[in-house]
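Trainee: Could you take me through one part of this structure slowly? I would like a close look at a single helix, and then a short tour of what lies elsewhere.

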Amino acid sequence: MTVISAIRGARDLLPGDLPRWRRAERAAERCFALYGYGEIRTPVLERAELFARQLGEHTELVEKQMYLFADGDGGDTLALRPEATVPTVRAALQSGMHRNLPARLWYRGAMFRRERPQRGRYRQFWQIGAEILGAQSPSADAEQILLTARLWRELGVDGRLRLAVNNLGDGEERARHREKLREHFRANAAEMGEDAARAETNPLRLLESRDAKTAAVARDAPKLSDELGDASRKHSDAVCESLTRAGVAFSQDETLVRGLDYYNLTVFEWSLAGDDRRQNALCGGGRYDGLSQQIGGPPMPGCGFALGLDRLVDLLAEPPRETPDCFLTLTEECAREFAGELAEHCRDAGLTVWRHIGGGNLARQLKKADAAGAKTALIIGSREAAARRVTIKRMSDGDQREAEFAKAPAQIKAAIAGDGVRDGDGDGGNNNDDSVN
Ligand code: AMP
């Protein structure tokens with residue numbers, strides 16, 4: 001039999017994987033709460049036109065990586081979202097949030113890009129991201145970077161990441177720079193690699209070219225920083241000052257352009273220190289003051305970031321495994337109903353109870369309890385069922401006590417808390433003291 005497998009670049013996340021994911025997600029949720037972000041969930045499917053122009057017609061993402069399909073005969077062309085900033089801004093506008101700004105929003109979800117799959121690069125991957133809408137001040141950019149820095153500290157990965165920032169200027173400054181770049185690449189086309197033709201459509205992309213010849217020409221290219229005016233410089237200086245004051249180390253990297261067209265002024269990226277491979281970018285973001293108008297909304301400045309959960313989780317240590325408070329054994333069929341009732345009773349009191357499934361004698365079931373890492377085993381046979389009692393065995397030292405149904409949860413909690421066997425034990429080493437509460 002051949003099982004139909006998942007598609008390349010799409011992964012199953014199994015119960016054994018998920019504790020680390022949940023750890024990352026919970027830490028992010030805590031950070032968002034500290035800064036006053038509300039969660040937003042937007043559809044996975046959007047109209048393709050929402051992305052094409054905003055991300056940039058000539059970006060790799062739009063040209064090659066979007067999953068597109070027609071919604072039935074003659075229907076709209078739809079896209080699986082490749083990112084969530086544009087949908088978040090769309091949703092904010094559509095729901096009227098722009099009338100009550102600023103808005104701080106965060107999201108978590110699967111994104112889809114038809115990339116060449118490899119470790120750390122998937123076709124379905126997960127992002128957590130955040131946007132501040134309606135804030136023009138550089139303190140908004142800085143606040144978001146500080147939030148990400150706090151998250152790395154929470155997760156204990158801060159020492160492994162480095163931060164690069166750059167200033168992309170405003171639209172006019174970028175247009176001037178693009179024109180100068182085109183001229184530079186045109187003038188040097190003969191020495192460039194196969195990607196030279198890109199100079200006309202998206203010369204910025206050539207600055208990140210992996211072709212050695214093009215990269216050599218790109219090294220002498222005109223710099224955007226030479227085109228920046230006072231306002232752009234002031235904004236970026238203020239962001240950098242805030243970072244310095246907060247003790248967040250960063251480097252200014254003029255080659256950091258980010259792949260998408262909607263950015264202006266601040267862009268930033270966190271990546272693995274000491275590793276220059278592209279797929280080691282962990283988190284990227286920046287300002288997108290023109291995005292709202294591009295999708296038909298009113299002027300609404302904004303900035304945001306997205307972090308790659310798949311890559312972040314790779315850095316996290318395995319958290320301690322989750323183990324049950326109780327493992328419920330069952331050796332006699334006649335006790336089954338009472339066992340089920342007791343399990344629900346314990347769960348009502350907040351105890352985790354895993355029930356044994358299948359047969360086997362008590363010794364075998366206790367072995368399973370041990371393998372599960374259970375703190376206690378609950379033993380119920382015909383005698384216990386008839387008397388509506390349970391034997392509680394503490395797995396760490398074998399301490400055993402008995403409790404009546406009503407007091408079982410309190411006794412189990414006491415056993416887990418480490419209360420020893422008291423004097424005056426009943427038969428067979430059982431502790432019949434039901435008085436613990
Ligand atoms: P971007 O939206 O391209 O700025 O990506 C933001 C973050 O998402 C990156 O820094 C990565 O951590 C993550 N990311 C982007 N593309 C992928 C992918 N194909 N597979 C896994 N993670 C990705």
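Trainee: Which residues are buried in helix α9 (residues 212-219)?

Mentor: Happy to look at that with you, and please keep in mind that this is a predicted model. In α9, the buried residues are Thr214, Val217 and Ala218. They cover an arc of only 100° around the axis, so they sit on the same side of α9. The general background is helpful here: an α-helix has 3.6 residues a turn, so residues three or four places apart point the same way. With that in mind, look at what the buried residues of α9 meet: they pack against α6 (171-187) and α8 (203-206). Now turn to the other side of α9, where Ala212, Lys213 and Arg219 are exposed. The N-terminal end of the helix has a cap as well. Asp211 provides it, with a side-chain oxygen 2.9 Å from the backbone nitrogen of Lys213.

From the helix, let us move to the ligand. Its surroundings consist of 14 residues, and the closest are Arg113, Glu115, Tyr122, Arg258 and Ala281. By type, this shell divides into six nonpolar, three polar and five charged residues. Three strands, β6 (124-133), β10 (281-287) and β11 (302-308), each supply at least two residues of the shell. The largest share, three residues, comes from β10. Among the atom pairs, a backbone N or O atom of Ala281 lies 2.9 Å from an oxygen atom of the ligand. A polar backbone atom of Cys283 is 3.3 Å from an oxygen atom of the ligand. For Arg311 the side chain is involved: one of its N or O atoms is 3.5 Å from a nitrogen atom of the ligand. Taken on its own, the ligand has 490 Å² of accessible area, and the protein covers 90% of that.

Next come two loop residues that make a nice pair to inspect. Thr59 is found in the loop between α2 (48-55) and α3 (60-65). Its relative accessible area is 1%, so Thr59 is buried. Glu322 belongs to the loop between α12 (309-315) and β12 (326-330). Because its relative accessibility is 52%, Glu322 counts as exposed. Leaving aside neighbours within four places in sequence, Glu322 is in contact with Arg22 and Trp354. With Arg22 there is a polar contact between the two side chains, at 2.9 Å. You can also compare sequence and space here: Glu322 and Gly373 are 51 residues apart in sequence, while their C-alpha atoms are 8.4 Å apart. For Thr59 and Arg321, the separation is 262 residues in sequence and 43 Å in space, C-alpha to C-alpha.

Finally, a few backbone details to check in your viewer. As general background, most residues other than glycine have a negative phi, and most peptide bonds are trans. The peptide bond from Leu101 to Pro102 is cis, with omega near 0°. Pro102 itself lies in the loop between α4 (85-94) and β5 (103-112). Leu265 has a positive phi, near 50°. This residue is in strand β9 (residues 264-272), and at 9% relative accessibility Leu265 counts as buried. Arg388 also has a positive phi, near 50°. Arg388 lies in the loop between α15 (382-387) and β15 (389-394), and with a relative accessible area of 35% Arg388 is partly exposed.

Technical notes: Residues numbered from 1 in each chain as written. Predicted model: local features only at pLDDT ≥ 70, side-chain atom pairs only at ≥ 80, totals over all residues. Heavy atoms only, no water. Near = heavy atom within 4 Å. Polar contact = N/O pair within 3.5 Å; in protein donor to acceptor, adjacent residues only side chain to side chain. Areas by Shrake-Rupley, 256 points an atom, 1.4 Å probe, with all protein chains shown as cover. Helix = DSSP H or I, 4+ residues; strand = E, 2+ residues; numbered from the N terminus. Nonpolar A, V, L, I, M, F, W, Y, C, P; charged D, E, K, R; others polar. Buried < 20%, exposed > 50% of the residue type's maximum accessible area, 1.4 Å probe, protein only. Arc of directions from axis to C-beta. Contact = heavy atoms within 4.5 Å.
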